[in-house]
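Hi everyone, thanks for making time this morning. I'd like to walk you through a structure, so have a look at it first and then we'll go through it together.

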Amino acid sequence: MFIDVLIKKIKEKNNPSVVGLDPKIEYIPSFIKEEAFKKQGKTLKGAANAIFTFNKYIIDAVYDIVPAVKPQLAYYEMYGLEGLKAFYETCRYAKEKGLLVIADGKRNDIGSTAESYSAAFLGKTKIEDTEEAAFDVDALTVNPYLGIDGIKPFIEDCDKYNKGIFILVKTSNKSSGQFQDIITETGKSMYEIVAQHIEEWGRDLKGEYGYSSVGAVVGATYPNQAKILRKILKSAYILVPGYGAQGGTAKDVASSFNPDGLGAIVNASRSIMCAYKSERWKEKYTEEKFYEASRAEALRMKEDINGVLS
């Protein structure tokens, strides 16, 4: 079951954090870009190859200290077919290194289309009398806005293929409250209602630790809401974006954890990918050693979060 594997990896590495792989071309060191552009020119293919090389360096630097990576699909789709190849190769390489892969795609649609999204990322694609996995990631972020008929195909594939989903509840962006904070006729906010449904949707996918493979997304930038949601989401694991570059702190993310130190996994992307440019690390690591700065920042983040949980 996905959630049990995730928790075991978190315990093994004593690290409840995930490295986001959201690469923009300007994040990538010059020597990698120049090599890729020399071979393929300043093209979508050249950019995508630079991104994959960049990701490999970071994966090699952190695979022994983090349980998972979280590539955000938008940063690959913007490079078209070549970008999707880079996403696919990144996922394959991370899995070869023993990492879980959480694809951040925020997918969903009406039931039949949701089935296709789920087949692409979690299940298998039928080709007449046979079937084959396409991207085959371990978990996917999902949008709940279309209701249960859009969620059900993902839950069924989680059960069938031992995968996981993280459903958007309270996102980390500034305007998330525009819809998510609306007070419903029950007196509860929209994000509380979504959380109640997630608990129900995940009840048949609980693992040995009591947590479900149907998880939730709650941003680090809303710690007060996270306190409310942690009480509602009794068995849902919480994926926490927004730590680091978006402003979330270790103290902020603590609200998403349970007293046992489990219940949440915290993502950081830019602060790890671009650590070599940061005030904290730029004097210690050159651009050529950017991956060492990423590892140093990932270790610092681990200690920062564990420090508030102990």
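**Starting from one bridge**

Let me begin with a single pair: Val 69 has Val 101, in strand 3, as its bridge partner. Before going further, please keep in mind that this is a predicted model.

Another pair links these two strands: the partner of Ala 68 in strand 3 is Leu 100. Strand 2 covers residues 68-71 and strand 3 covers residues 100-107, and the two pair in the parallel sense over two bridges.

Now, what lies on the other edge of strand 2? There we find strand 1, residues 17-21, running parallel to strand 2 and joined to it by four bridges. One of the pairs to look for is Leu 21 with Pro 71 of strand 2.

Going the other way, strand 3 is joined to strand 6, residues 139-142, by three bridges, and these strands run parallel too. If you want a residue pair to click on, take Ala 103, whose bridge partner in strand 6 is Leu 140.

Let's step back to the whole sheet. How many strands close into the barrel, and in what order? Eight strands do, in the order 1-2-3-6-7-8-9-10, with parallel pairing. On average, neighbouring strands in this sheet are turned by 30 degrees against each other, ignoring direction.

**How covered are the strands?**

Is strand 2 covered on one face or on both faces? Both are covered: Ala 68 and Lys 70 are buried on one side, and Val 69 and Pro 71 are buried on the other. Note that Lys 70 is among those buried residues. Strand 3 is mostly covered as well, with seven of its eight residues buried.

**The cores**

That brings me to the nonpolar cores. The largest has 81 residues, and those touching the most other members are Phe 87, Phe 121, Val 137, Ile 165, Val 169, Ile 198 and Leu 233. Helix 3, residues 44-62, supplies the largest share of this core, with nine residues. Another core lies apart from it, with 18 residues, including Ile 7, Phe 166, Leu 239 and Leu 262.

Let me zoom in on Leu 233. Setting aside residues up to four places away in sequence, Leu 233 touches Ala 195, Ile 198, Glu 199, Ala 216, Val 218 and Ile 238.

**Two helices side by side**

Helix 3 also packs against helix 2, residues 30-40: the angle is about 145 degrees and the axes are 8 Å apart. The crossing of helix 2 past helix 3 is right-handed. From helix 2, the contact uses Phe 31, Ile 32, Lys 33, Ala 36, Phe 37 and Gln 40. From helix 3, it uses Lys 45, Gly 46, Ala 47, Asn 49, Ala 50, Thr 53, Phe 54 and Tyr 57. Sorted by class, this contact has eight nonpolar, four polar and two charged residues.

**Three loop residues**

I'll finish in the loops. Glu 208 is in the loop between helix 9 and strand 8. Is Glu 208 buried or exposed? Glu 208 counts as exposed because its relative accessibility is 57%, and the cut-off for exposed is over 50%. Glu 208 still has contacts beyond its neighbours within four places in sequence, namely Asp 4 and Lys 8. The C-alpha atoms of Glu 208 and Ile 3 are 8.9 Å apart, although 205 residues separate the two in sequence.

The other two residues are worth a look for their backbone. Asp 136, in the loop between strand 5 and strand 6, has a positive phi of about 50 degrees without being a glycine. With 26% relative accessibility, Asp 136 counts as partly exposed.

Asn 162 is not a glycine either, and has a positive phi of about 60 degrees. You'll find Asn 162 in the loop between helix 7 and strand 7, partly exposed at a relative accessible area of 46%.

That's my tour, and I'm happy to take your questions.

Note on methods. Residues numbered from 1 in each chain as written. Predicted model: local features only at pLDDT ≥ 70, side-chain atom pairs only at ≥ 80, totals over all residues. Heavy atoms only, no water. Pairing = 2+ DSSP bridges. Axes fitted to C-alpha atoms, helices over the stretch in contact; angles between N-to-C directions. Core = buried A, V, L, I, M, F, W, Y, C linked by side-chain atoms within 4.5 Å. Buried < 20%, exposed > 50% of the residue type's maximum accessible area, 1.4 Å probe, protein only. Contact = heavy atoms within 4.5 Å. Left-handed = near helix turned anticlockwise from the far one by under 90°. Nonpolar A, V, L, I, M, F, W, Y, C, P; charged D, E, K, R; others polar.
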